[in-house]
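Subject: Structure handover

Hello,

Here is the structure we spoke about, for you to look through. My notes on what was found in it follow below.

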Amino acid sequence: MQTVNLVPLGLGELLDKTFSTFRKNFCLFAGIMVLPQALMAGVGILVQIYLSGIQMTQNSRTHQLSPASTAAAMRMGLVSIGSVIPHYIIYALALGATTFALSEVYLGRTTTIRESYRAVYRRVWRVLYVIFSVLIRCFFLFILAGVLLGVMIGSVATIFKILPWVAITVVIIGILGFIAMGISLVLFLVRYCVAVPALVLENLKSRQALKRSVALTKGYLWRLLVVAVLMILITMTLVSIFQSPFAVAAFLIAAKGGRPGLWLTIPSLLLGGVAGIVTSPLLMISFAIAYYDLRVRKEGFDLQLMMSNLEASTF
């Protein structure tokens, strides 16, 4: 077995390890993302074809949507929301497979695309539970923040009629408070960033993986946030570059009162999928490496691995 040198990583070292691991095993990680991105692009194309057949009309006098158009708008919304479900199922598969592949590579072993998917398909429902559980928690936190903001705005509107300067002060405090709540929500998300690696690599139940992630990430949230933001920015930038010509063309057509056709949306989705294949593994790889780094820092995982290797070589 190849010797593995696990040491605590600084922020720069973690980023360098992520990029170097992806570069050295590009075909493996990009290959894992081909199927998910192809399926997501296919779903997106089908949705666009369906939406392109829906016509929206307005009353020329009231400028309100006709009843048929209102129903069509509702169908558009339902189709768009429904397309999110297969997106997360596919994402769960890719996330688990990438995590397993990274683990094998990181610990000095070899694997294939098929083996990576085979290792995770039995755990896909647990991975989905983790993903949707985090999303639901964030949704309710977002609703709570919106309700608090609404109450604050209503209170300010009442106070403003009596004491304008007090109202202005309250508005400033409210804006700062809302920004703080947004940052807190993001940090809340980061707490669960290594839940999937813990689930896949330690074969934990979904709730155990969530608790495990919270325990491992405690004290390192800001560092993990920087890593996540950087990887997401890289993905968004490359996807935007690939899709920008079509986005500009669609904007110009819409500005003239037209409706962008499928000849714009379909190539845009396909190129976005290509960009996703090239960049999506970076976030998953960085979280999996962060998982090992946190275990080395908090649990002496490097010593555990060394002892298990010594015991294996003895027999």
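I start with one side chain and work outwards. Arg 212 is buried, at a relative accessible area of 18%. Please keep in mind throughout that this is a predicted model.

Salt bridges

What does Arg 212 pair with? Its partner is Glu 202, and the closest N and O atoms of the two are 3.0 Å apart, which makes a salt bridge. Arg 212 sits in helix H9 and Glu 202 in helix H8 (residues 195-202), so the pair, ten residues apart, links distant parts of the chain. Unlike the buried Arg 212, Glu 202 is partly exposed, with a relative accessible area of 25%.

Glu 202 also takes part in a salt bridge with Arg 295, at 3.9 Å from N to O. This pair, too, connects distant parts of the chain: Arg 295 belongs to helix H11 (residues 262-299) and Glu 202 to helix H8, with their positions 93 residues apart in sequence. Arg 295 is buried, its relative accessible area being 11%. Glu 202, Arg 212 and Arg 295 are thus linked in a network of salt bridges.

A further salt bridge joins Arg 223 and Asp 293, with N and O 2.5 Å apart. Arg 223 is in helix H10 (residues 221-255) and Asp 293 in helix H11, 70 residues apart, and here again distant parts of the chain are linked. Both ends are buried: Arg 223 has a relative accessible area of 16%, and Asp 293 has 1%. In total the structure holds five salt bridges, including those described above.

As background, side chains of opposite charge can pair when their charged atoms come close.

Helix H8 and what follows

H8, the helix that carries Glu 202, is mostly covered, with six of its eight residues buried. Those six are Ala 195, Val 196, Pro 197, Ala 198, Leu 199 and Val 200. After H8 comes Asn 203, which has a positive phi, near 55°.

Arg 123 and Arg 126

Asn 203 turns up again in the contacts of two arginines. Arg 123 lies in the loop between helix H5 (113-120) and H6. Leaving aside neighbours within four places in sequence, Arg 123 is in contact with Leu 199, Val 200 and Asn 203.

How far from Arg 123 is the nearest side chain of opposite charge? That side chain is Glu 104, 9.6 Å away; Arg 123 is buried yet has no salt bridge. You may want to look at this residue yourself.

Arg 126 lies in helix H6. With neighbours within four places in sequence again left out, Arg 126 contacts Leu 199, Asn 203, Leu 204, Lys 205 and Ser 206. The C-alpha atoms of Arg 126 and Ala 209 are 9.4 Å apart in space, while the two residues are 83 apart in sequence.

A nonpolar patch

Phe 132, Leu 135, Ile 136, Phe 139, Phe 140, Phe 142, Ile 143, Val 147 and Val 151 make a nonpolar surface patch of about 850 Å². One of these residues, Ile 143, lies in helix H6 (residues 124-160). Ile 143 is partly exposed, with a relative accessible area of 38%.

The chain overall

The chain has twelve helices and zero strands. Of its 315 residues, 37% are buried. The accessible surface comes to about 18,100 Å², and carbon and sulfur atoms account for 71% of that. Taking contacts between residues at least 6 apart in sequence, 78% join residues at least 24 apart.

Confidence

The mean pLDDT of the chain is 77, and 73% of the residues score at least 70. Which helices have the highest and lowest confidence? Helix H9 (residues 206-217) is highest, at a mean of 91, and helix H12 (residues 301-314) is lowest, at 47. Over residues 306-315 the pLDDT is below 50, and beyond near neighbours in sequence this stretch has one contact in the model.

Regards

Definitions and conventions:
Residues numbered from 1 in each chain as written. Predicted model: local features only at pLDDT ≥ 70, side-chain atom pairs only at ≥ 80, totals over all residues. Heavy atoms only, no water. Patch = residues over 30% accessible without salt bridge, like charges linked within 9 Å, V, L, I, M, F, W, Y side chains within 5 Å. Areas by Shrake-Rupley, 256 points an atom, 1.4 Å probe, with all protein chains shown as cover. Salt bridge = Lys/Arg side-chain N within 4 Å of Asp/Glu carboxyl O. Helix = DSSP H or I, 4+ residues; strand = E, 2+ residues; numbered from the N terminus. Buried < 20%, exposed > 50% of the residue type's maximum accessible area, 1.4 Å probe, protein only. Contact = heavy atoms within 4.5 Å. Lys, Arg positive; Asp, Glu negative; His and termini not counted. pLDDT = per-residue confidence, 0-100.
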